Amino acid sequence: VQLQASGGGLVQPGGSLRLSCAASGRTLSRYAMGWFRLSPGKEREFVAAISWSGGNTYYADSVKGRFTISRDNAKNTVSLQMNSLKPEDTAIYYCAAAYVIATTAGGYDYWGQGTEVTVSS
């Protein structure tokens, strides 16, 4: 499955962005999906994950209550709604697909190109 993340951009602290991950090649409904991020000087960080049905979600403590992951299997997309953004959320965000839901990067089998998010005034 090929994945493409989009929706990044520049936003002021306290603002919102909605990232999307579109799939081609295979239906996303086969996979659990996750979002990760990578910022300078840091290791790749788990952000959020959602099961294939959407019934189970997991979040990093740093984004819990601010970010929401969702999916639309009919449209073959997964989204990450990011609210109350902070400068420390600045990173390149990647979506990934896994056969079994996971909160570590090693658990994912397919990765898309990232989309850059910058939170700055």
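Colleague: Which residue has its charged end over the ring of Trp-111, and how far is that end from the ring centre?

Modeller: That residue is Arg-44, whose charged end sits 4.4 Å from the centre of the Trp-111 ring. A charge counts as over a ring if NZ of Lys or CZ of Arg is within 6 Å of the ring centre and within 35 degrees of the ring normal. This is a predicted model, in which local features need pLDDT of at least 70 and side-chain atom pairs count only at pLDDT 80 or more, while totals for chains, interfaces and linings use all residues. Residues are numbered from 1 along each chain as its sequence is written, and side-chain values use heavy atoms, with hydrogens and water left out.

Colleague: How many aromatic pairs does the structure hold, and which residues do ring pairs link into a cluster?

Modeller: A pair of aromatic rings is described by the distance of the centres and the angle of the planes. The structure holds seven aromatic pairs (rings of Phe, Tyr and Trp, the last by its six-membered ring, with centres within 6.5 Å; planes under 30 degrees apart are stacked, over 60 edge-to-face, the rest tilted). In the pair of Phe-36 and Trp-111, the centres are 5.1 Å apart and the planes stand at 55°, so this pair is tilted. Phe-36 belongs to strand 4 (residues 32–38) and Trp-111 to strand 10 (residues 110–111), so to speak of distant parts of the chain is fair: they are 75 residues apart. Phe-36, Phe-46, Tyr-108 and Trp-111 are joined by ring pairs into a cluster.

Colleague: Is Phe-36 buried or exposed, and what does Trp-111 count as?

Modeller: Phe-36 is buried, at a relative accessible area of 1% (buried is under 20%, exposed over 50%, partly exposed in between, with a 1.4 Å probe and protein chains only). Trp-111 has 30% relative accessibility and counts as partly exposed. Across the protein, buried residues make up 40% of the 121 residues.

Colleague: What does the secondary structure come to?

Modeller: There are zero helices and eleven strands (DSSP runs numbered from the N terminus: helices are H or I with at least four residues, strands are E with at least two).

Colleague: In what order do the four strands of the open sheet stand?

Modeller: Strands of a sheet pair through backbone hydrogen bonds, either parallel or antiparallel. Here the order is 1-3-8-7, with antiparallel pairing (two strands pair if DSSP finds at least two bridges between them). Strand 1 (2–6) and strand 7 (67–72) are the edges; each has a single partner strand, so one side of each lacks a neighbour in the sheet. From one strand to the next the twist averages 15° (axes are lines fitted to C-alpha atoms, and angles run from 0 to 180 degrees between N-to-C directions).

Colleague: How many bridges join strand 1 to strand 3, and how many join strand 7 to strand 8?

Modeller: Strand 1 and strand 3 (residues 17–24) pair over five bridges, among them the one between Leu-3 and Ala-23. Strand 7 and strand 8 (residues 77–82) pair over six bridges, and Thr-68 has Gln-81 as its bridge partner. Strand 1 also shows two faces: Leu-3 and Ala-5 are covered, whereas Gln-2, Gln-4 and Ser-6 are uncovered.

Colleague: Which residues does Ser-79 touch?

Modeller: Ser-79 lies in strand 8 and is buried, with a relative accessible area of 9%. Leaving out residues up to four places away in sequence, Ser-79 touches Arg-18, Leu-19, Ser-20, Trp-35, Thr-68, Ile-69 and Ser-70 (contact is heavy atoms within 4.5 Å).

Colleague: Where do Asn-76 and Ser-84 lie, and what is the phi of Asn-76 and of Ser-84?

Modeller: Most residues other than glycine have a negative phi, and most peptide bonds are trans. Asn-76, in the loop between strand 7 and strand 8, has a positive phi near 60° and counts as buried at 15% relative accessibility. Ser-84, in the loop between strand 8 and strand 9 (91–98), has a positive phi near 50° and counts as partly exposed at 42%.

Colleague: What radius of gyration does the protein have?

Modeller: The protein has 13 Å, which agrees with the value near 14 Å for a compact globule of 121 residues (taken over C-alpha atoms; the globule rule is 2.2 Å times the number of residues to the power 0.38). The C-alpha atoms fill a box of roughly 40 × 25 × 25 Å along the principal axes. Arg-30, in the loop between strand 3 and strand 4, is 34 Å from Gly-41, C-alpha to C-alpha, with their positions eleven residues apart in sequence numbering.
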